[in-house]
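Trainee: I keep tripping over the terms people use for ligand sites and cavities. Can we go through a predicted model and check the words against the values?

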Amino acid sequence: MKTTTISQAPNYHEQTVKIGAWLTNKRSSGKIAFLQLRDGTGFIQGVVVKNDVSEETFQLAKNITQESSMYITGKIVEDARSPFGYELQVSDIELIHEAHDYPITPKEHGTEFLMDHRHLWLRSKRQHAVMKIRNEIIRATYQFFNDNGYVKIDPPILTGSSAEGTTELFHTKYFDEEAYLSQSGQLYMEAAAMAFGKVFSFGPTFRAEKSKTRRHLIEFWMIEPEMAFVEHEESLEIQENYVSFVVQSVLKNCKLELQALDRDISSLEKVQAPFPRITYDEAIELLKEKGFTDIEWGEDFGAPHETAIAESFDKPVFITNYPTGIKAFYMKPHPEREDVVLCADLIAPEGYGEIIGGSQRIDDLELMEQRYEEHGLTGEAYQWYLELRKYGSVPHSGFGLGLERTVAWIAGVDHVRETIPFPRLLNRLYP
Ligand code: 4AD
Ligand code: MG
């Protein structure tokens, strides 16, 4: 007999197979037991009919406890009522391990309780759906950049310099030196772009940010493409093509998961390039019209502002050309305006906020040196970055997409804590 997985079950229609599985829930009467099973690849209902199995098997089916593990044998048959489309007509059960008092029962639990049991909560149907969508976003990311001629380059995680300001750095000892955990691989990706042309990274980044919001993690994963000979406008085109590709891939390959999460897919179907663009100046005007009367030019946008702006569009929207004073030191000034930079934040629809921050980079050595001085970036640790402007400097642009905020948006999950397997939050390092 064939051993298989739940996701492969449709290939064994009307055949008898063996599956390694866990019990998530069950219901039984005198003559029949319904076992809700999962195996990591999917979910299926097993039906155990008293008259069709041995007495021993039927008793086992009736008494088996939540999260017990087993090898279960049965015939795969079509079932129009289940979203998966198939069920298992059970003929035999071989118990592997009996679980007792599984803490997460089918009743409602509070978020803190679930977060304390994250190592078990990951088994739930909802968390399974979110992580599968996360996995599809990662898969589609690699596909998009590989298909478009990018080389994956891995920047270091332990660094001697800061990339996004010095206030949110995690400090650590590096033998006798002071080191930080990477906030962004960008500066290293700029070096990589000068060596390989078009590059991307995908890795963990760290922000010692004392923010307790539904959009902030202390440890999060970022995708950071960097492109030589690409200017601001072309970078926006790459970003909208990339994000559209990712969303359309999830729609195509994660139908069951989106359904399990009750995600309204009509709003995702609209996510096709091109995306609208508004300048920071226009965004300020729009906010004033929407009743944010005290916002002033030069201020950064908070979550309520981003949500209000996003409401005016049914696709993600680029806000371009922010004031120099509220953006990072490396952004290239606008050629016609001293006070704004060639940058854009991409704001997701439905209140999910900024998912991408990107810009064209300063390629002029003198200007970069001037910015270094203004930002107090001194010391040997920063010298290598200046050298990129000394030897064959070229126009280049790049951006960073926050994976967890993107998962939250596409999966329709309110808080980023559910979009990463083991979230690191302001007050949480466990489990
Ligand atoms: O806007 P940020 O800070 O940009 C950079 O780090 C650039 N160096 C990227 C680049 O140009 N290569 O961060 C980029 C994205 C944000 O848009 C957001 O999606 C995500 O990273 N992000 C966070 N996600 C979760 N928790 C946090 N604390 C985050 N901070 C940023
Ligand atoms: Mg940003």
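Trainee: What makes the pair between F399 and ligand 1 a polar contact?

Mentor: Here a backbone N or O atom of F399 sits 3.4 Å from a nitrogen atom of ligand 1. The cut-off for a pair of N or O atoms is 3.5 Å, so this pair counts. As for cover, the protein takes up 93% of the 630 Å² of accessible area that ligand 1 has on its own.

Trainee: And which distances make Q186 and E209 polar contacts of ligand 1 through their side chains?

Mentor: For Q186, a side-chain N or O atom is 2.7 Å from a nitrogen atom of ligand 1. For E209 the distance is 3.2 Å, again from a side-chain N or O atom to a nitrogen of the ligand. Both values fall within 3.5 Å, so both pairs qualify.

Trainee: Which residues of the shell come nearest, and which strands contribute?

Mentor: There are 22 residues around ligand 1, and E164, Q186, R207, E224 and E354 come nearest. β12 (219-228), β18 (353-360) and β19 (396-402) each supply at least two residues of that shell. By class, the shell has 7 nonpolar, 7 polar and 8 charged residues.

Trainee: Now the cavities: why is the space lined by T159, S161 and L169, among others, called a cavity and not a pocket?

Mentor: Because a 1.4 Å probe fits there but cannot get out, whereas a pocket is open. That one is the largest cavity, with about 60 Å³ of space. The search finds 3 cavities of 30 Å³ or more in the whole structure.

Trainee: What classes of residue line the largest cavity?

Mentor: Its lining has 5 nonpolar and 6 polar residues, and no charged ones.

Notes:
Residues are numbered from 1 along each chain as its sequence is written. Chains are lettered from A and ligands numbered from 1 in the order in which they are written. This is a predicted model: local features need pLDDT of at least 70, side-chain atom pairs count only at pLDDT 80 or more; totals for chains, interfaces and linings use all residues. Side-chain values use heavy atoms; hydrogens and water are left out. A residue is near a molecule or strand if one of its heavy atoms lies within 4 Å of it. A polar contact is a pair of N or O atoms within 3.5 Å; within protein, one must be able to donate a hydrogen and the other to accept it, and residues adjacent in sequence count only if both atoms are side-chain atoms. Accessible areas come from the Shrake-Rupley method with a 1.4 Å probe; for residues, only the protein chains shown count as cover. Helices (H or I, at least four residues) and strands (E, at least two) are DSSP runs, numbered from the N terminus. Ala, Val, Leu, Ile, Met, Phe, Trp, Tyr, Cys and Pro count as nonpolar, Asp, Glu, Lys and Arg as charged, and the others, Gly among them, as polar. On a 1 Å grid over the protein atoms alone, a cavity is a set of points where a 1.4 Å probe fits but cannot get out, and a pocket is an open set with protein on both sides within 12 Å along at least five of seven lines; lining residues have an atom within 4 Å of a point. Grid points are joined across faces, edges and corners, and a volume is the space filled by probe spheres set on the points.
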